[in-house]
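Work through the three exercises below with the sequence and the coordinates open beside you. Each task sentence is followed by a solution that proceeds step by step.

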Amino acid sequence: MRDIIRASCSRNVNGKGVGQMNSMEIGKRLRGLRHSKGCDIATVCGAVGISTSALSMYECGLRIPRDEIKIKLASFYGVTVDFLFFSSDCSRNVSKAGAS
């Protein structure tokens, strides 16, 4: 599971993630997705299995979620981990394997 996240973010010579967004950008993206989905904080937290204070800190840019939570949030919102946490040109929607 962690390999999926690490593969998404290559490192440059300075050790900074190439294409990695800062915590404020990530927070804005998380909050925007929650609002566009019409969910309150408690709904997202219940579905993902995190506390309301944790999600609030993610949305305010005070913390970055662990890899396992990144995957759960992306799944809940129906987007890729790359879209949520990295400034990439990846598709916003998760491709549906086997969908016709």
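**Exercise 1. Describe the surface and the fold of this predicted model.**

Begin with the surface: the chain exposes about 6,000 Å², and carbon and sulfur atoms supply 52% of that area. Turn next to burial, where 34% of the 100 residues of the chain count as buried. For the secondary structure, the chain holds 6 helices and 0 strands, which gives the pattern α-α-α-α-α-α when read along the sequence. Finally, consider the contacts between residues at least 6 apart in sequence, of which 51% join residues at least 24 apart.

**Exercise 2. Determine where arginine 63 lies, and whether it is buried, partly exposed or exposed.**

First locate the residue: arginine 63 sits in the loop between α4 (52–60) and α5 (67–77). Its relative accessibility is 36%, and because partly exposed covers the range between 20% and 50%, arginine 63 counts as partly exposed. Then list its contacts, leaving aside neighbours within four places in sequence: these are Ala54, Met57 and Tyr58. As a last step, compare positions along the chain and in space, since arginine 63 and methionine 24 are 39 residues apart along the chain, while their C-alpha atoms are separated by 9.3 Å.

**Exercise 3. Decide which segments have pLDDT under 50.**

Start from the whole chain, which averages a pLDDT of 78, with 66% of the residues scoring at least 70. The value stays under 50 over residues 1–16, for which the model nevertheless has 23 contacts beyond four places in sequence. It also stays under 50 over residues 95–100, for which the model has 0 such contacts. Where pLDDT is low, the predicted coordinates should not be read in detail.

Conventions:
Residues are numbered from 1 along each chain as its sequence is written. This is a predicted model: local features need pLDDT of at least 70, side-chain atom pairs count only at pLDDT 80 or more; totals for chains, interfaces and linings use all residues. Side-chain values use heavy atoms; hydrogens and water are left out. Helices (H or I, at least four residues) and strands (E, at least two) are DSSP runs, numbered from the N terminus. Buried means under 20% relative accessible area, exposed over 50%, partly exposed in between (1.4 Å probe, protein chains only). Contact means heavy atoms within 4.5 Å. Accessible areas come from the Shrake-Rupley method with a 1.4 Å probe; for residues, only the protein chains shown count as cover. pLDDT is the predictor's confidence in each residue, from 0 to 100.
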